[in-house]
Amino acid sequence: MKEKRGVLLTILTSALLLGACGNQDALPASVAELETVPIKQESDGENGTLPEGGAETGEEDSAAGTAPEGAGKDSAAQLPEENNGESNALNEAIADRENGAPNGISGDSGGNHSAGTSSDGNGQALPAGGQAESGHSETDSDLAGDGTLPGEESEEVKITISAAGDVTLGNYIGQGYEISFRQTYDKGAGDSYFFENVADIFSEDALTLVNLEGPLTRSEDFREGQTYCISGDPEYVNILTAGSVEAVSMANNHRLDYKEQGTADTVEALKGAGILYAYDNNYCMYETDGIRIGIVSVNEVGQGAGVEKYLQEGIAQLRGEGAELVFACCHWGIEREYYPEEYQESLGKKCIDWGYDLVIGHHPHVLQGIEEYQGKYIIYSLGNFCFGANRNPPDKDCMIFQQTFTFVDGEMQEDKEIRVIPCSVSSVSTRNDYKPTPAEGEEAQRILDKINECSRDFGVEFDSDGYLKES
């Protein structure tokens, strides 16, 4: 098990900025205050009705949902039927793309952006910068060509991160109990069961990050009008710790399925387990081997281009607090589409231009391609992972994305140590047993071929072992 040395940072909008806006009542509660102060209300876009395309349908759950106004996507989405085989949707998507058929487009409304202030959980400001002062000054003539003193060796640190897709620990209202996630847990599967086949991968990295989709709460006050309201018991958080998961993104279209109480209960469970989290203007930072990693998580599905404010403010604050790496987690795109829409591509590139080191995407519930831009990478969709909201998804393909960042004397190097590990959401093919499993042999190659096909237009390709090919 990795040693956890995370530092949770709650980012608050500065009083000066709020005073200028005349809206001090909108000041969000710090994480330290969540037990006593209500969490701020989401924007209207996220509170709208949005069907979860990855959720199952059947005789007991065939209700159709409507997309929220202003989301600009998913309005015509059909929910997938439970079945054992993979559909020909990818082949159709490839043909459409080659014939020039456009994907959906989400409008970019822009907005005003400003940087706030941040503090740690005790309200104490964290020092800017990540380098300790040595108390000794050297002249240029004292230094070797690589910046080290004569006879002094450079210090190299390698940080490997793993990112996986949608993790739904629980069920949705109306979902059948038979062979469900909850039944699997109730029958005594144990906390370690669900990530058992990937725990060795996650335990060897420096940071594992997944998208937690659905609150961990016992609240029964669910969101009216939401087609799929997902929840799991708070003790399910132990599944994440048993699987060596250190951080979760929470900005998605199910975070408020059980309103503010659901989010508060989830935060309490995560804090108790020592797992970091991020959503909207709640950013977090994880430290390992002296390297600080900042995480920003946004829900573009519900808030559209309004998320750009969080993304710009977030990286400004995290860099100011000494983050050497900053990741953007973007909940975006159209469900069951294998290629990103126009605004996904635009927003992903904006994130890199703003200074993010990696962009991690989810929500489509299927794999999408990976793009290199300005030497950095944009993962458009990781697919599902440990997904309790569907007992038998038609497309079980998913992946673990790994990237190793190298630092020499605290300076990040320009290398491209990237690997994708093709996986299935289930260890069996006939149904979902909620145990994501690395694929092997021909099945692994088939999933790699799919990732390569989806990444082809971006000039990115992986070899038969999943490693990035040099272009």
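## Strand S4 and its partners

Asp166 stands opposite Asn384, a residue of strand S16. The structure described here is a predicted model. Strand S16 covers residues 384–387, and 2 bridges join S16 to strand S4 in a parallel arrangement.

Strand S4 also pairs with strand S17, which comprises residues 397–408; the two run antiparallel and are joined by 8 bridges. Within this pairing, Thr160 is placed opposite Thr404 of S17. With strand S6, S4 forms 5 bridges in the parallel sense, and here Val167 stands opposite Leu212 of S6.

## Burial of strand S4

Strand S4 extends over residues 156–168 and is mostly covered. Of its 13 residues, 10 are buried.

## Length and end of helix H6

Helix H6 consists of the 15 residues 259–273. At 1.5 Å a residue, H6 should span 21 Å. The C-alpha atoms at its ends are 22 Å apart, which agrees with the expected span.

Gly274 follows H6, and the phi of Gly274 is positive, near 75 degrees.

## Buried residues of helix H6

The buried residues of H6 are Gly262, Thr263, Ala264, Asp265, Thr266, Val267, Ala269 and Leu270. An α-helix has 3.6 residues a turn, so residues three or four places apart point the same way.

The elements that cover the buried residues of H6 include strand S6 (207–212) and helix H5 (237–242). Strand S8 (247–249) and strand S9 (276–278) are also among them. Strand S6 thus appears in two settings: S6 pairs with S4, and S6 takes part in covering H6.

How values were computed
Residues are numbered from 1 along each chain as its sequence is written. This is a predicted model: local features need pLDDT of at least 70, side-chain atom pairs count only at pLDDT 80 or more; totals for chains, interfaces and linings use all residues. Side-chain values use heavy atoms; hydrogens and water are left out. Helices (H or I, at least four residues) and strands (E, at least two) are DSSP runs, numbered from the N terminus. The expected span of a helix is 1.5 Å times one less than its number of residues. Buried means under 20% relative accessible area, exposed over 50%, partly exposed in between (1.4 Å probe, protein chains only). Contact means heavy atoms within 4.5 Å. Two strands pair if DSSP finds at least two bridges between them.
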